[in-house]
Amino acid sequence: MDAKPDPPVFSGFMVNAWIVASIVAVVGGAVGFFVVLRGSAFVAHAVPNGSFAGAAAASLVGVSTLLGLGVFALGGALGIGFLSRRGRPDVATALTLVFMFGLGALFLSFSVAYAPEIYSLLFGEVLGISTNQLGPTIALAAVSLGVLAVLYRRLLLSSVLPDSAPAHGVALFGVELGFLLLVALATTMTVPVVGTALIFSLMIGPPAAARAFTTRPYVAIALSIGIALVVVWVAIALSYQTNWPVGFFVGIASAVAYAAGRTWSFARGARRARVKS
Amino acid sequence: MTSAIFEPGFFSSSSVQLAGAVGAIVAIVAGCVGVFTVIRGQSFAGEALGDIGAAGGSSAYLAGVAPLWGFMAVAVAAAGVMEMIGIQRTRGRDLATGIVLGAGFGLAALFLYLGTTYDNTTGATVTVLFGSVFALDTSVLPLVAVFGAVATGTILLLYRPLLLASVSPELASARRLPVRVIGGLYLLAMALAVALSAVTIGAILSTALLVGPAATALQLTRRPGRAIMTAGLIGVGAMWLGILLAYDSYYWPPLHHGWPVSFFVVTIVLLAYISSRAIPARGRQA
């Protein structure tokens with residue numbers, strides 16, 4: 001364990017990793033737009049981290065990691081939805097998260113998992129993507145984008161005008177559950193690439209940056225997907241070169257994108273102020 | 001009869017005594033700070049500071065100093081950055097918290113990676129995240145007590161203005177209270193409290209103790225002073241019960257090496273919160 005294996009030669013295997021990562025970025029960027037719009041950064045942090053317990057459970061029972069991740073991501077999303085129905089959403093999210101993390105600690109103590117495996121689950125590893133993940137990832141991406149398209153108007157209305165949405169026949173709780181389901185789906189497919197800890201970076205940084213450049217929703221979503229793609233490509237390329245964890249590069253690149261967005265809106269604000277005076 | 005509940009050697013074990021003492025201090029500090037965390041809706045910041053502390057803890061492993069100092073330095077720095085880029089609106093604040101948390105997590109990943117590559121401490125990831133109360137060193141007790149007193153003292157010193165600024169920022173501004181400064185000082189106190197508990201009992205338990213008992217207490221009573229005491233009591237109770245169960249579980253299936261304390265404590269905290277919501281108390285918080 002004291003020496004990591006040398007990076008393999010660029011192969012068909014890496015092309016698959018590249019495709020999977022790009023799909024992940026598209027879904028993350030699109031779902032992330034609504035995460036930022038709804039101010040649900042905490043949920044986007046809690047669902048993936050809670051689903052970590054699912055991966056531990058899956059390795060304990062001996063089923064596929066993706067299944068464990070999916071079940072726990074869904075369970076966490078539903079738990080957050082129902083617990084925050086009458087009460088403070090941030091408290092509900094925090095308690096659901098710590099409970100699932102506690103379950104994860106329990107499952108880990110039962111299994112004899114090797115520490116590096118836990119590490120790559122938390123922080124991602126390019127080499128962790130295998131060829132047979134291509135099918136499930138594409139299927140999950142199609143479902144996520146489908147749900148997003150169906151819920152699009154309702155999500156937008158309930159995010160921007162939560163007070164008048166019920167008058168337009170939009171059930172707030174239903175939309176919230178649909179949104180949580182979306183986050184859970186996106187989580188399940190993203191974990192194997194960037195790890196549970198850094199998914200929400202991908203769901204917050206690019207969309208927040210995109211919103212600084214434009215206020216139109218379609219343009220913002222497209223821009224957000226574009227930035228997410230760049231972030232993931234850069235992260236994978238650098239991780240491939242240095243063998244450092246993908247999560248590190250994703251976290252830093254997302255923060256840089258956000259900083260660029262903030263600088264842009266700050267500069268524009270200063271320019272406007274100058275024009276006015 | 002008692003031996004059925006307390007496995008032999010529970011009270012005489014020095015590691016149990018130390019775990020109980022540190023756990024109690026941390027729970028009381030977390031209860032005091034946590035009531036304001038819940039009132040101000042800053043659970044995410046509390047969670048994030050604990051996680052970011054992991055970056056400090058892991059860099060401390062790398063540098064070879066005691067993790068407590070790494071946790072402290074990084075959590076306080078992160079609180080400062082959050083305050084700097086955080087807009088005052090709740091949504092902007094969550095976003096700022098998330099960005100700082102993402103960058104912090106990324107650094108934690110790198111430090112843990114470098115640490116495991118160079119000196120082979122493969123268990124570092126697990127220790128930093130999940131902590132281990134039974135493996136504490138006696139030397140942490142005075143440090144924990146001092147930092148805990150600083151965090152609690154800050155809250156008590158700021159008590160009245162902090163309460164007003166948390167419940168009604170507009171009214172506080174109208175009375176010419178420095179709301180932003182109070183918020184910043186509170187964030188620093190929270191960073192201290194969270195880092196303290198994260199390094200001793202793990203990042204998960206730190207959030208559980210910060211948010212759970214306080215939210216439960218605020219369901220039961222509306223008065224902040226009473227809520228702080230109730231939260232402390234619930235926290236200490238959950239911590240001690242968790243330690244007892246973890247100690248007993250040494251003989252439980254499947255592996256006979258003990259279930260993690262964190263699992264028991266978070267379960268107790270969650271159950272307490274859910275049952276407090278089932279009680280239709282008079283005049284409780286919505």
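**Entry 1: the two chains**

I began with chain A, where residues 24 or more positions apart account for 76% of the contacts with a separation of 6 or more. I kept in mind from the start that this is a predicted model. Chain A has ten helices and zero strands, and from the N terminus on I read its elements as α-α-α-α-α-α-α-α-α-α. Of its 277 residues, 54% are buried.

I then looked up chain B in the matching way, and found twelve helices and zero strands there, with the pattern α-α-α-α-α-α-α-α-α-α-α-α along the sequence. Buried residues make up 54% of the 286 residues in chain B, and 74% of its contacts with a separation of 6 or more come from residues 24 or more positions apart.

**Entry 2: helix H2 of chain A and its partners**

Next I followed helix H2 of chain A, residues 41-61, to see how it packs against helix H8 of that chain, residues 199-213. I noted an angle of about 160° between H2(A) and H8(A), with their axes 8 Å apart. The angle is over 145 degrees, and the two helices are therefore roughly antiparallel to each other. I recorded their crossing as right-handed.

Going through the residues, I saw that A:Ala41, A:Ala44, A:His45 and A:Pro48 of H2(A) meet A:Ile199, A:Phe200, A:Met203 and A:Ile204 of H8(A). By class, I wrote down seven nonpolar residues, one polar and no charged for this contact of H2(A) with H8(A).

I turned from there to helix H3 of chain A, residues 65-83, which packs with H2(A) at an angle of about 140°, the axes being 7 Å apart. That angle makes H2(A) oblique to H3(A), and H2(A) passes H3(A) in a right-handed crossing. The contact of H2(A) with H3(A) holds 14 nonpolar, seven polar and no charged residues. On the side of H2(A) I listed, among others, A:Val43, A:Val47, A:Gly50, A:Gly54 and A:Ala58, and on the side of H3(A) I listed residues including A:Leu67, A:Gly68, A:Phe72, A:Gly76 and A:Ile80.

**Entry 3: a helix crossing in chain B**

In chain B I looked up helix H2, residues 14-40, and helix H10, residues 203-220, whose axes come within 7 Å and cross at roughly 65°. The crossing of H2(B) and H10(B) is right-handed. Among the residues of H2(B) that take part are B:Val26, B:Ala30, B:Val33, B:Gly34 and B:Thr37, and among those of H10(B) are B:Leu209, B:Leu210, B:Pro213, B:Ala214 and B:Leu218. I counted the contact of H2(B) with H10(B) by class as 14 nonpolar, three polar and no charged residues.

**Entry 4: the largest nonpolar core**

Which residues touch the most other members of the largest nonpolar core? I found that they are A:Val183, B:Val33, B:Leu49, B:Ala75 and B:Ala195, in a core of 186 residues. In soluble globular proteins, nonpolar side chains tend to be buried together.

I then took B:Leu49 by itself and, leaving out residues up to four places away in sequence, found that it touches B:Ala75, B:Ala78, B:Ala79, B:Met190, B:Ala191, B:Val194 and B:Ala195.

**Entry 5: single residues in chain B**

Is B:Tyr186 buried or exposed? I placed B:Tyr186 in helix H9 of chain B, and it is buried because 24 other C-beta atoms lie within 10 Å of its own, where 20 or more are required. Apart from neighbours within four places in sequence, B:Tyr186 is in contact with B:Phe36, B:Leu158 and B:Leu162. I also noted that B:Tyr186 and B:Leu209 are 23 residues apart along the chain, with 17 Å between their C-alpha atoms.

I went on to B:Arg176, which lies in the loop between helix H8 (169-174) and helix H9 (179-201) of chain B. Its phi is near 65°, a positive value in a residue other than glycine. B:Arg176 is exposed, with 7 other C-beta atoms within 10 Å.

My last look was at B:Ser139, in the loop between helix H6 (124-130) and helix H7 (140-167) of chain B. B:Ser139 is exposed, with 10 other C-beta atoms within 10 Å. From B:Ser139 to B:Ala195 I noted 56 residues in sequence and 17 Å in space, C-alpha to C-alpha.

Conventions:
Residues are numbered from 1 along each chain as its sequence is written. Chains are lettered from A and ligands numbered from 1 in the order in which they are written. This is a predicted model: local features need pLDDT of at least 70, side-chain atom pairs count only at pLDDT 80 or more; totals for chains, interfaces and linings use all residues. A nonpolar core is a set of buried Ala, Val, Leu, Ile, Met, Phe, Trp, Tyr and Cys residues joined through C-beta atoms within 7 Å. A residue is buried if 20 or more other C-beta atoms lie within 10 Å of its own, exposed if 12 or fewer, and partly exposed in between; C-beta atoms are placed from the backbone. Two residues are in contact if their C-beta atoms, placed from the backbone, lie within 7 Å. Axes are lines fitted to C-alpha atoms, for helices over the stretch in contact, and angles run from 0 to 180 degrees between N-to-C directions. Helices (H or I, at least four residues) and strands (E, at least two) are DSSP runs, numbered from the N terminus. Angles under 35 degrees count as roughly parallel, over 145 as roughly antiparallel, 65 to 115 as roughly perpendicular and the rest as oblique. A crossing is left-handed if the near helix is turned anticlockwise from the far one by less than a right angle, and right-handed if clockwise. Ala, Val, Leu, Ile, Met, Phe, Trp, Tyr, Cys and Pro count as nonpolar, Asp, Glu, Lys and Arg as charged, and the others, Gly among them, as polar.
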